[in-house]
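User: Could you take me through the surroundings of the ligand in this model, and then show me what lies around that part? I'm new to this, so plain words please.

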Amino acid sequence: MKVDGVSYRSIWRDAASDEVRIIDQRWLPHEFRVAALNTLEEFAGAIRDMWVRGAPLIGATAAYGVASEMAKNASDSHLDHVHAVLNATRPTAINLAWALDRCRTALRPLPEHERAMASRQLADAIADEDVEINRQIGLHGLSLIRDIASQKPAGEPVRLLTHCNAGWLATVDWGTATSPMYQAADAGIPLHVWVDETRPRNQGALTAWELGSHGIGHSYITDNAGGHLMQHGLVDMVITGTDRTTATGDVCNKIGTYLKALAARDNDIPFYVALPSPTIDWRVADGVGEIPIEDRPATEVSHIQGRAPDGGISPVQVTPEGSAVGNPAFDVTPARLVTGLITERGVCAASEDALTALFPDLARA
Ligand code: MRU
C-alpha cells in the first residue's frame, strides 16, 4: 500500500543493504518510522513488543528471522534455538508456529551450506504468498459487499464495522479484513467503515490511518459503540480478522470481537471473518477451551499512548494508583455466531465440514 505516494509492504528486504526492514508500528498513526532487524533478539523483540503485529505479519517476520540467523549459523541446534526463541514471543496467533514449523521442516533435510539460501527464499515465498492470499480474500469479500451495495439506493454507502487492525499493517500487504474494503473502494463502491478503537493498544487507530490514506470514509468509535449502532440500523456487515481459527470454525481474534459477534447476532447483522488458510489451526476443535489467550502487560491498560499538544508521543496513566489490572489480549467467538469465513478459496460456513471441503489438502485426516 502507498504511504505518501511510496509503495510499502509491512516487511521487506532493503535492496541496498540487504537488511530486513519493518514499519515500526509503535509510533503509528502519529509517526511513520522504519526499523532494521538484524539480530535474533531484534526479531524476537519486534514481535514480542509489537513493533510488528497481526497474525500474518508475525509469521512472515519469524520466517525472515530464521533466514537472517541461518546466514550466520545453519546448524541443527541453532535452527532449533531460533525456532524456540521466536515461537515463545507471542502465544495466540498460530501463523507464528505455522511459519516456524514450515521453515524448520523445509530446512532440516538440507545440508547446512544450502540452508541460508533456502531459508531466504522461503521467507520471501511466505511473504509473497501472504500478499496473494489477502488479494484473493479481498476479491471474495468484494462480492459480499457488492451484494449489499446492490440492495441500496445508488450512492448510499455500505456501512461496515471492523475491530482491531486486520489491515495491510497486520499482514504483508492488503490486510485480511481490509482487503475487501480496499477492493470495494477501488471498484467505486461507496463505503463507510465504523472502526472500533480497540483498547488497550488502539489498533483501530492503525485501521483509521490505513483507511484514511486510501480515501475510504470511516469513523473511529469507542469499543462499546458497536451494539448501539447495530440496534439503530447503521451497520450492514461486520468483518474482522482472526489470529487463530479452529478446524471447527471457532474464531480467536482481538479482545472484544466476541461482544461484536453477539451484538451482530442479536441484530441479524452478518458477521464475517477474513481468514487466510495459515491462520487455521487444524489440530484444535474447541476454541474457548484450547486456544492459549495472551495476557499482555498491565501498563497497556493502565496507560494510554497518544500525541501530546507539544508533539511528544508518550503514555499517560488512566488508572488510580494501586488498582489491579487485567489485560487478556484475545477472545474466542464460537462458530455458531459467525455468518461466514472469507478465505482465499472462497466464502464458507464456519464449520469443520465447510473448511474441510474448501481445504481438503490441508485439513486434518
Ligand atoms: O495483538 P495484535 O495487534 O497482533 O492482534 C492483531 C489482531 O488481533 C487483528 O485483529 C487481526 O485480526 C488478526 S491479524 C490480520
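Analyst: The residues of the shell around the ligand split into six nonpolar, nine polar and three charged. Keep in mind that this is a predicted model. The shell has 18 residues, and the closest to the ligand are R53, C164, A166, G241 and K254. Which elements give two or more residues to it? Those are helix α2 (55-70) and strand β11 (251-254).

Now look at D243. The UniProt annotation "active site", from an unreviewed entry, covers this residue. You'll find D243 in the loop between β9 (237-240) and β10 (244-246). Is it buried or exposed? To count as buried, a residue needs 20 or more other C-beta atoms within 10 Å of its own. D243 has 29 other C-beta atoms within 10 Å, so it is buried. Leaving out residues up to four places away in sequence, D243 touches A55, T92, A93, C252, N253, T279 and F330. Two of those names link back to the elements of the shell: A55 lies in the range of α2 (55-70), and C252 in that of β11 (251-254).

Let's follow α2 a bit further. This helix lies across β3 and β4, and it runs at about 25° to β3. Both strands are part of an open sheet of three, in the order β3-β4-β5, with antiparallel pairing. Why does one side of β3 and of β5 have no neighbour in the sheet? β3 (11-13) and β5 (34-37) stand at the edges and each has a single partner strand, so one side of each is left free of a neighbour there. On average, neighbouring strands of this sheet are turned by 30° against each other, if you ignore direction. What holds such strands side by side? Strands of a sheet pair through backbone hydrogen bonds, in a parallel or an antiparallel way. Here β4 (residues 20-23) pairs with β5 in the antiparallel sense over four bridges. To spot one pair by eye, find I22, whose bridge partner in β5 is A35.

One more helix is worth a look: α6 (residues 178-186). Eight of its nine residues are buried, so the helix is largely enclosed by the rest of the structure. The buried ones are T178, S179, P180, M181, Y182, Q183, A184 and A185. After α6 comes G188, which has a positive phi, near 90°.

Note on methods. Residues numbered from 1 in each chain as written. Predicted model: local features only at pLDDT ≥ 70, side-chain atom pairs only at ≥ 80, totals over all residues. Near = placed C-beta within 6 Å. Nonpolar A, V, L, I, M, F, W, Y, C, P; charged D, E, K, R; others polar. UniProt positions renumbered as here; feature names shortened; annotations may be inferred. Buried ≥ 20, exposed ≤ 12 C-beta atoms within 10 Å, placed from the backbone. Contact = placed C-beta atoms within 7 Å. Pairing = 2+ DSSP bridges. Axes fitted to C-alpha atoms, helices over the stretch in contact; angles between N-to-C directions.
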